[in-house]
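Here is a short report to read beside a model. Keep the 3D view open as you go.

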Amino acid sequence: HLSDHGTFSWQLHDMAGARLVEAEILARATELKDRGNRKLIAKDGTGALRYYGEALQELGGLAEASSSSPGAAPSDACKLAAVLHSNSAQALLNQRKWLEAIDSCHKALRRDPSHTKSSWRGATAAMEVGMQDVAVAFVENGLTENPKSRELLELRGKLGDLPDLPSTPRSDNDEEDLHLGDWKLPTEADKAAMRPAPKKCQPPGKEKGD
């Protein structure tokens, strides 16, 4: 029994140590995110992307491991990773890199399907390159999670009559919910073919990072 007690004490010690390490990682990643946000506000998209990328590297597999539990609420690491991918998408939107922005929003929603800004930003980028189905998928996903989102409802109105989507039950696989399971970032040739001619457009909303 003394041996069992000792083992239990070490387990508690290990758990406390793991939580401390996770808290330190989250703190460092959050600081990098804040630096990125300051760059984003200063309209330095390249600098913002660099800090967001460093923050994601800091999180490492912590967010991936946390997102692998079907049906579980997003962990703090997953929520932070979602914000970092979404803020990266905003920086890419500002640079008119629509396809890369879509990819970042997809990654964000894999970590936290309820992140409304990611749905909005992904749909906005998809609309810029005429990817109606992808825009619809982002909007529908967002409204499933946040049905009263004013921003998403406004986007839904801009999309006009939405095509009927399969009325399948919501799964635990958010890639299926987004109908983006086959989404791959296009090659440079694909990007050139899909990008419309340069035009003056309204700067996207939600320009500040979380």
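The notes below take up one helix, one loop residue and the aromatic rings.

## The model

This is a predicted model. Every value here is computed from it.

## Helix α6

Start with α6, which runs over residues 116-128. The helix has 13 residues. From its first C-alpha to its last, α6 reaches 19 Å. That is close to the 18 Å expected at 1.5 Å a residue. After α6 comes G130. The phi of G130 is positive, near 70°.

How much of α6 is covered? Mostly covered is the verdict: 10 of its 13 residues are buried. The run from S118 to A126 is buried: S118, S119, W120, R121, G122, A123, T124, A125 and A126. E128 is buried too. Several helices help cover these buried residues, including α4 (76-94) and α5 (98-111). Also among them are α7 (132-145) and α8 (150-159).

## A loop residue: S149

Look next between α7 and α8. S149 sits in the loop there. Is S149 buried or exposed? Its relative accessibility is 8%. Buried means under 20%, so S149 counts as buried.

Which residues does S149 touch, leaving aside neighbours within four places in sequence? S149 is in contact with T116 and L143. T116 belongs to the span of α6, residues 116-128. L143 falls within α7 (132-145).

## Aromatic rings

How many aromatic pairs are there? The count comes to 0. A charge over a ring is another matter. R50 lies over the face of Y51. The distance from the ring centre is 5.1 Å.

Terms used
Residues numbered from 1 in each chain as written. Predicted model: local features only at pLDDT ≥ 70, side-chain atom pairs only at ≥ 80, totals over all residues. Heavy atoms only, no water. Helix = DSSP H or I, 4+ residues; strand = E, 2+ residues; numbered from the N terminus. Expected span 1.5 Å × (residues − 1). Buried < 20%, exposed > 50% of the residue type's maximum accessible area, 1.4 Å probe, protein only. Contact = heavy atoms within 4.5 Å. Phe/Tyr/Trp six-rings, centres within 6.5 Å; stacked < 30°, edge-to-face > 60°. Lys NZ or Arg CZ within 6 Å of the ring centre and 35° of its normal.
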